[in-house]
Amino acid sequence: MFMSISTTGSAESPATDLGFLLHKHPGKVQRFTTSHGEAHVFYPEAGDEVCTAALLLDIDPIALVRKGRGNGRGRGGSPDFALSQYVNDRPYAASSLLAVALRTVFRSAMKGDCQRRPELPGQVRPLRIELPAVPANGAGEGGGPAMVARLFEPLGWRVEATAIPLDEDFPEWGESRYLRVVLASEAVRLADALQQLYVLLPVLDGAKHYWVAPDEVDKLLAAGEGWLAAHPERALIARRYLSRRWSLTRAAMERLELARLAEADDREVEEIDNAVDDRPDDENSGYETTETTGTTGTTGTTEATVTPAPRQPSLAEQRRTAILAALRDSGAARVADLGCGQGELIGELLKDARFTEILGVDVSARALQAANRKLRLARLPERQAARVTLAQGALTYTDARLKGYDAAVLCEVIEHLDLPRLPALEYAVFGAARPRAVVVTTPNVEYNVRWESLPAGRARHADHRFEWSRAEFEAWAGKVAAAYGYAVELRPVGPEDPEVGPPTQLALFRTDTSTPVTDTRTPVSDTTTTPEGGETR
């Protein structure tokens, strides 16, 4: 199993700097013991203008069988299984075994560490990587040279992939499943190149030669940091890297999507994956028992007794009731709950047969998992479960999945966005998705003085970026309605105080065809939909 890495340079920036980056001296031949064989590193050429480092992995397939390794598919199988363990391509074709050797031999280079020349890892220099024999199995996923191009070209590589004939003396036999691959780039750092090879060599092979445990998800995400989340073939890469284990692939895709959304919003993953909050909701703590005086017994002794008042619905319940009423007034049947959190509103929508299709979107993978559990979608009758779809996305980006719905709901969502990002949400929902109706709820900051447990000047939730007064919310709603051709109606939610108004304010937007639409911002590129952390609703 062979691979070479070449670079070019000059007297001022010699190509032999490759030795510093790889932590391997060009004047030495070095040997390393890996879990699958002996790895040798040497330099066929080393000069100021051209330098080439070669990795040769010497695999003993019989030794692998004796160790109980090298199969990756368990014992048993086809009748020729025993023979296939001894007659195979493992010593020759670049596969997951070479990827393991890369990590063993070039661990520091993959991390971008270089203590003697710390400026080198961050530099981009010409790279040429040659792999004489690479398996490219399709299995219905489009193998061959096309797959190599799909995997490497989006990362900035020029790809030359040539099929190797089964036998050059008998061309009529056709081509083998092996390719000679050459990758060239002037835009990829060496550390990134090694990480990409570590992931994509097993993907090309389509099979791992060792047991794929759950920690392989962590290895995939660590090696793919900075490039995998935005790769157009990330689903294919995750599926094949994890040997098509469905549970591991799903976990990897959820984490990749979250990383992609965080990177797009220039935020940390922890900042947006915060929709699951175990703390009690300050808004729901305002209802208390009442104290009454009565007589007990026959002695005439009067005692003070505490009698619980009839349970009042919490503000969260009142919000959901108000939203359902607004949706019924709009005549909606297909509803998108944007920022669905843990699915409380979806649960209420499922109880009403008039809502035939429900989409729940949230940026938080944890929230969607919690919603799936709470709604018990796996246990619902098939017809009932088919009404619900849960999807991950961010509302500051347009999303084709949102188009065509009768109504969209933004329940306690907008206040989780930084104000400069609010126009992006407005366009994504009102401009691009453009449902017939949109229901928006948000806290009324004037009512905060009525919460005894809420310190003065503090927002109701730690993630709130703003909270609006009634006048501010009315002005925003009017501006959005005028810009996107909607009529808007404001409604109170919760007990209305004569001085400070209701605790929550609701706006029901409905399309008004008599009002022209004015696009107030440049569309953001297509991706997915929902807020950056929905609160318990």
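Helix axes are lines fitted to C-alpha atoms over the stretch in contact, and the angles between their N-to-C directions run from 0 to 180 degrees. The structure is a predicted model in which local features need pLDDT of at least 70 and side-chain atom pairs count only at pLDDT 80 or more, while totals for chains, interfaces and linings use all residues. Residues are numbered from 1 along each chain as its sequence is written, and side-chain values use heavy atoms, with hydrogens and water left out.

The two helices listed here (DSSP runs of H or I, at least four residues, numbered from the N terminus) pack at an angle of about 75 degrees, with their axes 8 Å apart.

| Helix | Residues |
|---|---|
| α7 | residues 190–205 |
| α9 | residues 234–241 |

That angle makes α7 roughly perpendicular to α9 (65 to 115 degrees). The contact (heavy atoms within 4.5 Å) involves Tyr198, Val199, Leu200, Pro202, Val203, Leu204 and Asp205 of α7, together with Ile237, Arg240 and Tyr241 of α9. Of the residues in this contact of α7 with α9, eight are nonpolar, none is polar and two are charged.

The structure also holds 26 salt bridges, each defined as a side-chain nitrogen of Lys or Arg within 4 Å of a carboxyl oxygen of Asp or Glu. One of them joins the side chains of arginine 319 and glutamate 412 at 3.7 Å, N to O. Because arginine 319 lies in helix α12 (residues 315–330) and glutamate 412 in the loop between β13 (407–411) and α16 (422–433), the pair ties together parts that are 93 residues apart in sequence.

Definitions and conventions. Parallel < 35°, antiparallel > 145°, perpendicular 65-115°, else oblique. Nonpolar A, V, L, I, M, F, W, Y, C, P; charged D, E, K, R; others polar.
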